[in-house]
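Subject: Handover of a structure and findings

Dear colleague,

Please find below the structure that I am handing over to you. I would be grateful if you could keep it open while reading the notes underneath.

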Amino acid sequence: MATSNETAPVVELNNVTVVYAKNVALREVSATFHAGAIGLLGPNGAGKSTLLKSLLGFLTPTTGKMTVLGLDVATSPLEIRSRIGYMPETDGHIPGMNAVSFVAYCGQLAGLPAVDAMQRAHEVLYYVGLGEARYRNVETYSTGMKQRIKLAQALVHDPDLLFLDEPTNGMDPKGRDEMLALVYDLAHNKQINLILSSHLLPDVEHACDRVVVLDKGQVVAQGPIDELKGRRIQVFELRIKGDRLRFAETLRREGFECHETDEDIMRVLVPGEDGGRSLFALATRENVQVRHLRPSVPTLEDVFAKAVGEE
Amino acid sequence: MPIHDQTYRRYGGRRDVVGRAWQVIARNGILTMVRKRLFLALLLAAWVPFVVQAIIIYFSTNFAQVSSFLAVTAERFRTFLEWQQRLPVFIITVWVGAGLIANDKRANALQIYLSKPLTRFEYITGKLVVLGVFLLGVTLLPAFLLLVLQVSFSGSFTFLRQNLYLFPAITLTSFLQVLLSAFLILALSSMSKSSRYVAILYAGVMFFTDAVYGIIYAITGSSSLSWISVAANLRQLGDVIFRLQPRYSTPAAVSLLAVIVLIGLSAWVLERQVRGVEVVS
């Protein structure tokens, strides 16, 4: 597990509203991020990046209170920033520097002595897989390498908490797997708490233990992933003979979530315990023949779809 | 498992207290510039007027014939600083200052900087120090060295005793030049992602305001509107500080107000522009 005290919250938001460029980006958000690896999930524009930037002190909430590692964001932003690492979504580097100078410079900015910062820079660059390219100018890096160096600069001062904003953006499948392995390793073997913001459900499911789901600036679900996946809903794979679209519409009218897949199989989310019987009853009523009905394991995608759908 | 898994260790060493990051920024900025040979050549060239003045002081203090037409007076120090302001200060300001923030904005570096334990004030201070060090290095430092040379060559403190006000005058004039130039270029630099554009804009501000004043003076024959020109304000204040007859009819207080307003405006722009996020309304 990520830390010995897994239930202790590392970030708490209490009724936080953030207005960003005249738009309400976060609306009365209350959430608790426990120690360990937490996924911050939501579609584009849900307010994930805004939340991280607010926690960094870049944006000031109009209402509410935020604490990070037990410190108030409004009164102790510098103390907080000395203990967290931030990997931004967009590319960012100091112009004209090679990788090792850049990462060491970030270490010094975070308060490390020059010699220690340089030593740590070499270590973290090896750790993120840029050891061989550490003397290259950052501007010549590929997209995947830029993602890795952003992680390196966030890690160099050994933070207690990492904010990772879409860390796999623009990476090829192999690079993405390696990045997720790093994230998993940091959280589960190196005892670094992290908040992984992503719109990619598999990324969060792979690396995180808990999740906070945001949609339209509001928290629509939060908790341990396993618990959320097992809660309230049964998921079935369903194939029918008959008018599939009409039956899907009927299912939705009856309050079931229904998602089309690439093949002719639907994934149906049924609330409660007696889902199979309910589906058969509906099929009988609608004069539809059930050709295939199999209980399925709920994925984070199902949780996400339900949470966002409910909203 | 990630590659090189064993290389990551938790850090248990010393951490500096918060509030010193500006020194890191300043040191890095200065080292970055002095690593450029062309820039070093420019710095050396900026000291050529000092060498010329040093030779003049040497001859005027040692040869009576020369001192009759090249006497060392307080005005010589004022002339030296004015010449430095006219060319070396301008070139160094543009060369060093134009990209100080613009390049960071182009590379999205502000979010990196400001996610570390430093304030926007510290970031701006670090950048100001970079420019300030080089500008004071071609104004305050050579002017004081000239004073030292004057004492050394003449072998007496008579000139210094008679012109003690030169110490605060040189300091004040140099700092006024440096502060105005540094704030102005940093404010412009914070408004763009292109250092070339900033350089052109700064040159435009300096030359355009001077040209507008020149045209008005040519038409009206009055120098009462010299406060329009950024450079003229510095010249006017320099004259007053060095106890010389002011060359423009604008009151010194108006010139000082113009300079203060420009610095205040630049600080306001910096406060608006240097942020971890870009807010587009």
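The notes below set out what was found, beginning with chain A and then turning to chain B.

Please bear in mind throughout that this is a predicted model.

**Chain A as a whole**

Chain A holds 311 residues, and 57% of them are buried. Its secondary structure comes to 11 helices and 14 strands. The C-alpha trace of chain A spans about 75 × 45 × 40 Å along its principal axes. The accessible surface of this chain amounts to about 12,700 Å², and carbon and sulfur atoms contribute 47% of that area. Among the contacts in chain A with a separation of 6 or more, 68% join residues that are 24 or more positions apart.

One example of two residues distant in sequence is A:Ala221 with A:Leu41: 180 residues separate them along the chain, while their C-alpha atoms are 9.5 Å apart in space. A:Ala221 belongs to strand E10, which covers residues 218-224 of chain A. With a relative accessibility of 10%, A:Ala221 counts as buried, because the limit for that class is under 20%.

**An open sheet in chain A**

Four strands of chain A form an open sheet in the order E2-E1-E4-E5, and their pairing is antiparallel. Strand E2 (23-34) and strand E5 (71-72) are the edge strands, each pairing on one side only. In general, the strands of a sheet pair through backbone hydrogen bonds, in either a parallel or an antiparallel sense. Within this sheet, strand E1 (residues 9-20) and strand E4 (residues 63-68) of chain A are joined by 5 bridges in the antiparallel sense. To locate one of these positions, you may look at A:Asn14, whose bridge partner in E4 of chain A is A:Lys65.

**Two residues with positive phi in chain A**

The loop between E4 and E5 of chain A contains A:Leu69. The phi angle of A:Leu69 is near 50 degrees, a positive value in a residue other than glycine. A:Leu69 is buried, at 18% relative accessibility.

A:Asn287 likewise has a positive phi as a residue other than glycine, near 60 degrees. A:Asn287 lies in the loop between helix H10 (275-285) and strand E14 (289-296) of chain A. At 71% relative accessibility, A:Asn287 counts as exposed.

**Cysteines**

How many disulfides does a search of the whole structure find? The search over all chains gives 0. In general terms, a disulfide is a covalent bond between the sulfur atoms of two cysteines. Two cysteines of chain A may be noted here: A:Cys208 is buried at 8% relative accessibility, and A:Cys258 is buried at 5%.

**Aromatic pairs and a charge over a ring**

A search of the whole structure finds 17 aromatic pairs over all chains. One of them is formed by B:Trp47 and B:Phe50, which meet edge-to-face with 4.9 Å centre to centre and 65 degrees between the planes. This pair counts as edge-to-face because the angle between its planes is over 60 degrees. B:Trp47 is partly exposed, with a relative accessible area of 22%, whereas B:Phe50 is buried, with 11%.

A further pair, B:Tyr213 and B:Tyr217, is tilted, with 6.1 Å centre to centre and 35 degrees between the planes. Both tyrosines lie in helix H12 (residues 195-220) of chain B, 4 residues apart, which is about one turn of the helix. B:Tyr213 is buried at 7% relative accessibility, while B:Tyr217 is partly exposed at 41%.

Elsewhere in chain B, one aromatic cluster is made up of B:Tyr58, B:Phe59, B:Phe63 and B:Phe153. There is also a charge over a ring: the charged end of B:Arg243 sits over the ring of B:Tyr165, 4.1 Å from its centre.

**A buried arginine in chain B**

Is B:Arg235 buried or exposed? Its relative accessibility is 9%, so B:Arg235 counts as buried. This arginine is part of helix H13 (residues 230-241) of chain B. Leaving aside residues up to four places away in sequence, B:Arg235 touches B:Arg78, B:Glu82, B:Arg86, B:Asp210, B:Ser229, B:Arg247 and B:Tyr248.

With kind regards

Definitions and conventions:
Residues numbered from 1 in each chain as written. Chains lettered and ligands numbered in written order. Predicted model: local features only at pLDDT ≥ 70, side-chain atom pairs only at ≥ 80, totals over all residues. Heavy atoms only, no water. Pairing = 2+ DSSP bridges. Phe/Tyr/Trp six-rings, centres within 6.5 Å; stacked < 30°, edge-to-face > 60°. Buried < 20%, exposed > 50% of the residue type's maximum accessible area, 1.4 Å probe, protein only. Lys NZ or Arg CZ within 6 Å of the ring centre and 35° of its normal. Contact = heavy atoms within 4.5 Å. Areas by Shrake-Rupley, 256 points an atom, 1.4 Å probe, with all protein chains shown as cover. Disulfide = S-S within 2.5 Å.
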